[in-house]
Amino acid sequence: MTAKDRALETLKLQRQRYLERLPATVAYLGELAQSWGQGRLDEQRFEALKQGLHRIAGSAGIFGLEELGREAGRLEAAICNGQALEGEGRRALVQAVLSLAARWLSSTEHLTESVDTLDTPSQGVMPTVWLLTDAHASEQSLLGSLRQYGFDVKRLDGLAAAEGALVFSGSVHGVLVVDSERVKLTTTLSERLLQAGVPIVFISRQDDFESRLEAARLGGCAFFARPLDVMKLVELIDSRVGEREAEAYRILIVDDDELLSLHYQHALRGAGMQAEIEPDPADLISRLETFRPDLLLLDINMPGYSGIELATSLRFYEEWTGLPIVFLSAEVNQERQLLALGQGGDDFIAKPISEKRLVSVVRARAERMRRLAGLRACDGLTGLLNHVHIKEALAVECMRAMREQSTFSVVMLDIDHFKQVNDTYGHARGDSVIRALSHLLKTRLRGSDKVGRYGGEEFLAIMPGCQKDAAQRQCDWLREAFAALEFEHEGVIFSCTLSAGIASSEDYELQHANTLLECADQALYAAKDGGRNRVIGWHRQLEHEAGARHSVTG
């Protein structure tokens with residue numbers, strides 16, 4: 001059974017539970033309405049009557065009972081506005097509630113309603129790069145470099161090979177790089193590729209206007225003159241098709257309606273998000289600190305709490321001023337909706353809402369949150385987390401690991417002899433080397449790993465759930481890939497190496513960020529001291545060596 005099938009099964013079970021509870025719910029509301037009509041309903045039970053109708057108004061549509069939801073919403077508004085009604089007016093309202101209960105106590109029409117399907121996200125994959133040239137061209141260096149950057153590279157020798165291989169029935173995650181000196185792309189093939197969403201990049205030694213105009217006429221998105229700056233080509237490919245598997249959006253649902261919360265949770269999880277439920281608003285702050293959501297879905301009316309007040313209170317915390325808050329409520333009073341948006345809310349979704357719209361709204365808001373947060377948190381040159389935010393990420397990972405009793409590894413990486421690169425080839429070329437390593441880190445590490453530029457040519461990686469041995473293998477892989485990259489400056493080809501030090505939480509009873517950083521730095525120092533271009537895992541002996549160094553230098 002696929003994830004989507006499991007999500008649908010869950011929705012069916014939730015719907016069944018809802019339908020099973022419905023007769024008892026509407027019967028209870030009928031009893032309350034009768035007591036209200038007889039003047040025997042105290043304030044607390046009158047509130048229960050309003051809340052019961054409110055919940056049905058917000059939830060019935062979710063489970064395919066739109067008419068019931070609309071009627072409950074109408075009655076809720078009428079009762080709230082007619083609380084002081086007496087005589088015939090009150091009797092009419094009581095009768096309307098009883099009629100509602102009677103109908104849904106016996107009706108079976110809803111059993112034929114279908115459960116909506118869910119959108120499921122596509123999984124991120126490394127894009128394919130097709131290199132179209134001819135059999136006489138070597139291109140081993142270019143092919144090797146692109147593969148080192150993590151792309152799935154396929155060579156096509158000649159137009160006939162391309163026409164046979166590049167046949168698609170839908171959109172494709174890839175780029176065609178055409179050696180326009182050796183192969184003349186046809187308009188027919190170009191149009192076929194553009195229909196499949198495949199960007200076309202032209203490369204040539206003929207660096208003139210006519211060559212570029214020809215590339216533009218064939219639908220090219222870019223033109224590179226040889227000798228190639230591979231890093232620029234890689235960045236262009238990344239900008240076109242470089243969406244990587246990103247960490248799932250984290251959504252926290254705060255709603256006292258357990259069944260409805262479970263429904264939202266499964267709808268969001270079915271769409272690839274991490275969705276957690278917090279039924280008790282009193283625990284909201286601690287839950288935010290541990291889960292650290294990208295977005296908060298907040299009900300407005302909860303027993304003892306107002307979602308509007310909770311949102312206002314959250315904005316008093318500097319840490320949560322930027323957290324998107326979307327109110328999800330059956331509240332129909334527009335003034336109250338506007339008040340909610342004016343008191344810290346970012347959006348208001350009226351219940352009931354379809355799973356598809358819920359997923360769409362939540363994803364759009366969470367994506368915007370990630371983008372804005374990324375602009376604040378990322379290093380301008382590399383797009384990785386900056387010094388402050390990678391240290392914050394390490395502190396968060398320490399807390400998570402202690403809470404879940406899991407392990408993780410911290411890696412400190414540094415480009416060897418980087419000063420010589422800047423002195424020999426200039427700072428612009430040095431920046432290219434830094435960007436190349438940052439690209440490798442982004443593409444070769446997992447989406448769940450955190451990577452930041454710690455400073456200058458030094459990087460920090462946090463690898464959750466990764467023990468030291470696995471981190472060692474991963475870093476050695478990165479080290480070899482980076483050493484295989486070739487950089488060019490005014491016809492001179494050069495390469496660089498890196499050194500790395502690893503500290504793993506499995507070596508300590510308590511995980512303190514500063515301790516792990518210090519140990520990773522000691523291991524990095526040992527790698528440098530041992531001749532560079534190597535990866536060293538921290539061990540107790542390094543601590544003694546560091547102490548000895550400090551005593552000498554101190």
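This passage walks through the fold of the chain, its sheets and cores, one annotated aspartate and the cysteines.

The model is a predicted one. In its 554 residues, 49% count as buried, and the chain holds 20 helices and 19 strands. Contacts reach well along the sequence: taking pairs of residues at least 6 apart, 68% of the contacts join residues at least 24 apart.

Going along the chain, one open sheet is built from five strands in the order β2-β1-β3-β4-β5, with parallel pairing. Its edges are β2 (152–157) and β5 (222–225), each of which pairs on one side only. From one strand to the next, the twist averages 20°. Strand β1 (residues 128–133) sits against β2 through six bridges, again in the parallel sense. Within that pair, Leu132 is found opposite Leu156 of β2.

Another open sheet also has five strands, ordered β14-β15-β13-β18-β19, but here the pairing is mixed. The edge positions go to β14 (450–455) and β19 (535–537), and each of these pairs on one side only. The strand-to-strand twist averages 20°. Strand β18 (residues 498–504) and β19 run parallel and are joined by three bridges; Ile502 has Gly537 as its bridge partner in β19. Helix α19 (residues 513–529) packs on this sheet and touches β13 (408–415), β14, β15 (458–464), β18 and β19. The direction of α19 makes about 145° with that of β18.

Then there is strand β11 (residues 325–329), which has a parallel partner in β8, with three bridges between them, and another parallel partner in strand β12 (residues 347–350), this time with four bridges. On the β8 side, Leu296 stands opposite Ile325 of β11. On the β12 side, Ser329 is opposite Ala350. How enclosed is β11? Five of its five residues are buried, so the strand is largely enclosed by the rest of the structure. The cover extends to both faces: Ile325, Phe327 and Ser329 are buried on one side, and Val326 and Leu328 are buried on the other.

The loop that follows β8 (295–298) and leads to β9 (301–302) contains Asp299. An unreviewed UniProt entry annotates Asp299 as "modified residue: 4-aspartylphosphate". Is Asp299 buried or exposed in the model? Its relative accessibility is 3%, and because buried means under 20%, Asp299 counts as buried. Setting aside neighbours within four places in sequence, Asp299 is in contact with Val254, Asp255, Asp256, Gly307, Leu328, Ser329 and Lys351. Two of these partners, Leu328 and Ser329, have already come up as buried residues on opposite sides of β11.

Turning to the nonpolar side chains, these tend to be buried together in soluble globular proteins. The largest nonpolar core in the model has 54 residues, and those with the most contacts inside it are Leu146, Tyr149, Ile415, Val433, Leu441 and Phe482. Helix α9 (residues 230–241) provides the largest share of this core, namely seven residues. A second core, separate from that one, has 51 residues, including Tyr18, Phe46, Phe63 and Val361. Back in the largest core, Leu441 touches Leu384, Leu413, Val451, Phe459 and Leu478, not counting residues up to four places away in sequence.

Finally, the cysteines. How many disulfides does the model contain? With a disulfide taken as a pair of cysteine sulfur atoms within 2.5 Å, the count is zero. Why does Cys466 lack a bond? The closest cysteine sulfur, in Cys475, is 8.0 Å from the sulfur of Cys466, and that is too far for a bond. Cys466 counts as buried, with a relative accessibility of 7%, whereas Cys378 has a relative accessible area of 29% and is therefore partly exposed.

Notes: Residues are numbered from 1 along each chain as its sequence is written. This is a predicted model: local features need pLDDT of at least 70, side-chain atom pairs count only at pLDDT 80 or more; totals for chains, interfaces and linings use all residues. Side-chain values use heavy atoms; hydrogens and water are left out. UniProt positions are given in the numbering used here, feature names are shortened, and annotations may be inferred rather than shown by experiment. Helices (H or I, at least four residues) and strands (E, at least two) are DSSP runs, numbered from the N terminus. Buried means under 20% relative accessible area, exposed over 50%, partly exposed in between (1.4 Å probe, protein chains only). Contact means heavy atoms within 4.5 Å. A nonpolar core is a set of buried Ala, Val, Leu, Ile, Met, Phe, Trp, Tyr and Cys residues joined through side-chain atoms within 4.5 Å. Two strands pair if DSSP finds at least two bridges between them. Axes are lines fitted to C-alpha atoms, for helices over the stretch in contact, and angles run from 0 to 180 degrees between N-to-C directions.
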